Amino acid sequence: MKALKIFALMAVLVTASAFFWVEKTPASGYKVGDIAIDFSLKNIDNKKVSLKNIKGAKGYIVIFTCNHCPYAQAYEDRIIALNKKYKPLGYPVVAINPNNPEKQKDDSFEMMQKRAKEKGFTFPYLLDEGQKIYPQYGATKTPHVYILQKTTKGNQVKYIGAIDDNYGDETAVKQKYVENALNQLLNNKEVSVKETKAIGCSIKA
């Protein structure tokens, strides 16, 4: 009987420690080929936006970005250009600010509205309130790109990483990772470069 009690106690301790470990270990986020969840986040026009409600989409260019980061600022015009080129082809940009505005005042909702107006954003610019979405995707930088393709199974991740290979000088870009991936998808081809290293500011949690 005593041995049974000791065994039962050990089982409880092992279960509890395993639970604690799982809870404390951060999720790594999506890998290429995974099915990404949809979301409902507040846009700068105060309306909620979900991927499923974007009409005519074959997929999405989901970009975690923000106001204050110089890397994100350097890519703003290129993000606008991506939306202009690929939205009519079925791949609109959906930008998400993952930063906690209490940690970074320049990334408040009001500052998002101001920045979008100044730059003339033509795409949704959403606030990840409570910072629930970016960890599920596994985003770590601003900007950090996830190209999703609509499939019968859901929104499948086809590319993760950087927009291109030179954030500082657009004229010196040699590899346009996002454009190349989108062009291959639009031509029913396999994406040749599926993942690159995102270069940018760390997300402020």
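Okay, let's start with the sheet: eight strands, open, mixed pairing, running β1-β9-β8-β4-β5-β6-β2-β3. At the edges sit β1 (35–36) and β3 (48–49), each with a pairing partner on one side only. Pairing here needs at least two DSSP bridges between the two strands. Strands themselves are DSSP E runs of at least two residues, helices are H or I runs of at least four, and both are numbered from the N terminus.

Before I go on, the small print. This is a predicted model, with local features needing pLDDT of at least 70 and side-chain atom pairs counting only at pLDDT 80 or more, while totals for chains, interfaces and linings use all residues. Numbering runs from 1 along each chain as its sequence is written, and side-chain values use heavy atoms, with hydrogens and water left out.

Back to the edge. β1 pairs with β9 (residues 154–161) in the antiparallel sense, over two bridges, and Ile-35 stands opposite Gln-156 in β9.

Now, what packs on the sheet? One helix is α3, touching β2 (41–43), β5 and β6 (125–127), with its direction at about 175° to that of β6. Another is α5 (residues 177–186), which touches β4 (59–64), β8 (144–151) and β9, and its direction makes about 5° with that of β8. Those angles run from 0 to 180 degrees between N-to-C directions, with axes as lines fitted to C-alpha atoms, for helices over the stretch in contact. Contact means heavy atoms within 4.5 Å.

Helix α2 (residues 70–86) is a fun one. There's a kink of about 45° centred on Glu-76, where the bend is the angle between axes fitted to the seven residues ending there and the seven starting there. Buried residues in α2 include Tyr-75, Glu-76, Arg-78 and Tyr-86; buried means under 20% relative accessible area, exposed over 50%, partly exposed in between, with a 1.4 Å probe and protein chains only. Their cover includes β4, β5, α3, β7 (141–142) and α5.

One loop residue to look at is Pro-101, between β5 (93–97) and α3 (109–119). Its relative accessibility is 29%, so we call it partly exposed. Beyond neighbours within four places in sequence, Pro-101 contacts Asp-107 and Ser-108. Glu-129 is 28 residues away from Pro-101 in sequence, and 9.2 Å away C-alpha to C-alpha.

Finally, the whole chain: five helices and ten strands, with 45% of the 205 residues buried. Of contacts between residues at least 6 apart in sequence, 75% join residues at least 24 apart.
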